[in-house]
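Open the structure in your viewer and keep the selection tool ready. The stops below go one at a time, each with something to pick and something to look for.

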Amino acid sequence: MQKPDRTTLATMLAGMCTFLNVYSTQPLLPLLRRVFGASELAVSLTVSATIFATALLAPVIGMIAERRGRKKVIVPSLFLLTVPTLFAATSTSLSALIFWRFAQGLFVPGVIAVILAYVNEEFAGRGVGRAMAAYVTGTVLGGFLGRFIAGVVATHWNWRGVFVVLAGLNLVGAVAVQAWLPKAKNFVRAEHLGQVVQEARAHLRNPSLLANFGMGASVLLALVGCFTYANFYLAGPPFGLNSAQLGSIFFVYLLGVVITPQAGRFLDRFGFRHTTLLYCAMMIAGLLLTLVRSLAVVIVGLAIFSSGMFVAQAAAAVQTGMIAGRARSSAAGLYVTFYYLGGTIGATITDWFWHWKGWPGCVVLLGGVSLLSLWLAWVSVRENAVERYLAEGDLDI
């Protein structure tokens with residue numbers, strides 16, 4: 001296999017192994033609610049705890065990667081992620097499970113924040129959109145497999161076995177990434193920590209980057225809210241699905257394997273603005289279809305919604321690297337922080353709308369958030385164009 005293909009495969013595997021873990025408890029939520037006698041909000045913390053830990057540590061990891069390099073952060077993070085995944089199987093209470101899920105999240109940004117910078121640097125000038133789409137495809141596969149495996153193992157074995165299986169898969173993937181991911185050639189090491197902090201502050205003063213971060217946060221808020229409470233929606237009447245069946249619902253994620261590479265090509269050809277219109281239309285159309293009380297139609301709606309989210313993720317990740325220009329790991333770390341803070345809020349705020357009007361209430365919230373993400377994306381484009389005009393006298397909005 002040629003080296004560029006092996007590099008792409010390694011980035012896909014890194015994304016896949018990471019996302020095997022992040023959302024793996026979603027199809028287990030109705031089961032965990034019964035096992036621990038807890039509320040929907042309490043068991044949803046097994047999702048949001050991982051997301052919150054990711055957001056918490058992402059900027060720190062991003063700054064470390066500016067000094068240590070890309071592969072030296074990515075590979076150890078994958079190996080270390082295996083440890084709390086295995087310990088989650090030993091949990092004897094909901095609080096213990098939440099603790100280990102939080103611990104898993106501490107090692108997630110070492111992969112996702114740094115891989116974003118790696119792709120933007122190593123594939124610059126030779127199809128960064130397609131390369132980013134390949135990475136996102138890996139996250140799609142991981143997100144699907146983590147949920148699907150969790151549902152099947154919990155139904156035919158038990159919920160503890162889920163984490164044993166995922167830990168084994170994660171370890172195998174870490175070994176493969178270590179072997180196949182080459183060291184970054186275009187990485188420029190920051191001279192000292194003060195420089196890294198200064199560049200991070202500069203990113204936070206960049207209105208175009210902040211708007212792009214807000215776009216990502218809004219998109220993940222909608223995704224987490226949707227796929228957390230869709231489980232309670234489909235576990236109840238008239239659907240009555242069990243854990244294995246809920247895990248199987250995430251076959252809709254596999255559509256992202258087809259959609260995401262096409263999104264990368266669309267992004268390279270038509271640009272960011274047109275791509276944002278595409279993803280927002282897909283997300284809202286998908287949400288509206290889930291209101292039809294037919295399992296087949298709901299599945300189609302979830303497939304369209306999730307595919308729109310993957311288009312958005314690829315666009316926002318590329319936009320982050322393009323706007324930042326330099327110190328991309330730091331910028332990616334900040335992006336991941338905002339992105340996953342949005343996901344943390346998503347699991348909580350959707351609970352209010354669930355108790356207000358059930359699933360239709362959730363659709364109202366998530367549709368509004370999708371529109372908010374579109375507005376923020378366009379603000380990002382405009383602010384970046386204004387900055388270029390001030391710097392170069394070339395305004396293109």
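Select E40 and R33 in this predicted model. Their side chains meet in a salt bridge, at 3.0 Å from N to O. Side chains of opposite charge can pair when their charged atoms come close. How many salt bridges does a search of the whole structure find? The search finds one. Now check how covered each partner is. E40 has 14% relative accessibility, so E40 counts as buried. R33 has 26%, so R33 counts as partly exposed.

Keep E40 selected and add its helix, α3, which covers residues 40-68. Then show helix α10, residues 207-235. Two packed helices are described by the angle between their axes and the distance between the axes. The axes of α3 and α10 come within 11 Å and cross at roughly 145°. This crossing is right-handed. Which residues make the contact? On the α3 side, pick E40, L41, V43, S44, V47 and I51. On the α10 side, pick V224, T228, Y229 and F232. E40 thus appears at two stops: in the salt bridge and in this helix contact.

Next, turn to the rings. A search of the whole structure finds 21 aromatic pairs. Start with F99 and W100. Their ring centres are 5.0 Å apart and their planes stand at 75°; planes over 60 degrees apart count as edge-to-face, so this pair is edge-to-face. W100 has 22% relative accessibility, so W100 counts as partly exposed.

Go back to Y229 on α10 and add W354. The ring centres lie 5.8 Å apart with the planes at 45°, so this pair is tilted. Where does each partner sit? Y229 lies in α10, and W354 lies in helix α15, residues 328-392. The pair therefore ties together parts that are 125 residues apart in sequence. Are these two residues buried or exposed? Both Y229 and W354 are buried.

Now select F213, Y335, F338, Y339 and Y340 together. Ring pairs link these residues into a cluster.

Two more rings have a charge for company. Pick R147 and F227: the charged end of R147 sits over the ring of F227, 5.9 Å from the ring centre. Then pick R273 and W378. Here the charged end of R273 sits over the ring of W378, 4.6 Å from the centre.

Move to helix α8, residues 159-180, and find N170 there. N170 has a relative accessible area of 0%, so N170 is buried. What does N170 touch, leaving aside its neighbours within four places in sequence? The contacts are C17, T18, N21, L78, L81 and T82.

Stay on α8 and select G173. At 6% relative accessibility, G173 counts as buried because the cut-off for buried is under 20%. Add A14 and draw a line between the two C-alpha atoms. They are 7.2 Å apart in space, while the two residues are 159 apart in sequence.

Last, zoom out to the whole chain. Colour by secondary structure: the chain has 15 helices and zero strands. Colour by accessibility next. Of the 397 residues, 59% count as buried. Finally, show the contacts with a separation of 6 or more. Residues 24 or more positions apart account for 83% of them.

Terms used. Residues numbered from 1 in each chain as written. Predicted model: local features only at pLDDT ≥ 70, side-chain atom pairs only at ≥ 80, totals over all residues. Heavy atoms only, no water. Phe/Tyr/Trp six-rings, centres within 6.5 Å; stacked < 30°, edge-to-face > 60°. Buried < 20%, exposed > 50% of the residue type's maximum accessible area, 1.4 Å probe, protein only. Helix = DSSP H or I, 4+ residues; strand = E, 2+ residues; numbered from the N terminus. Lys NZ or Arg CZ within 6 Å of the ring centre and 35° of its normal. Salt bridge = Lys/Arg side-chain N within 4 Å of Asp/Glu carboxyl O. Axes fitted to C-alpha atoms, helices over the stretch in contact; angles between N-to-C directions. Left-handed = near helix turned anticlockwise from the far one by under 90°. Contact = heavy atoms within 4.5 Å.
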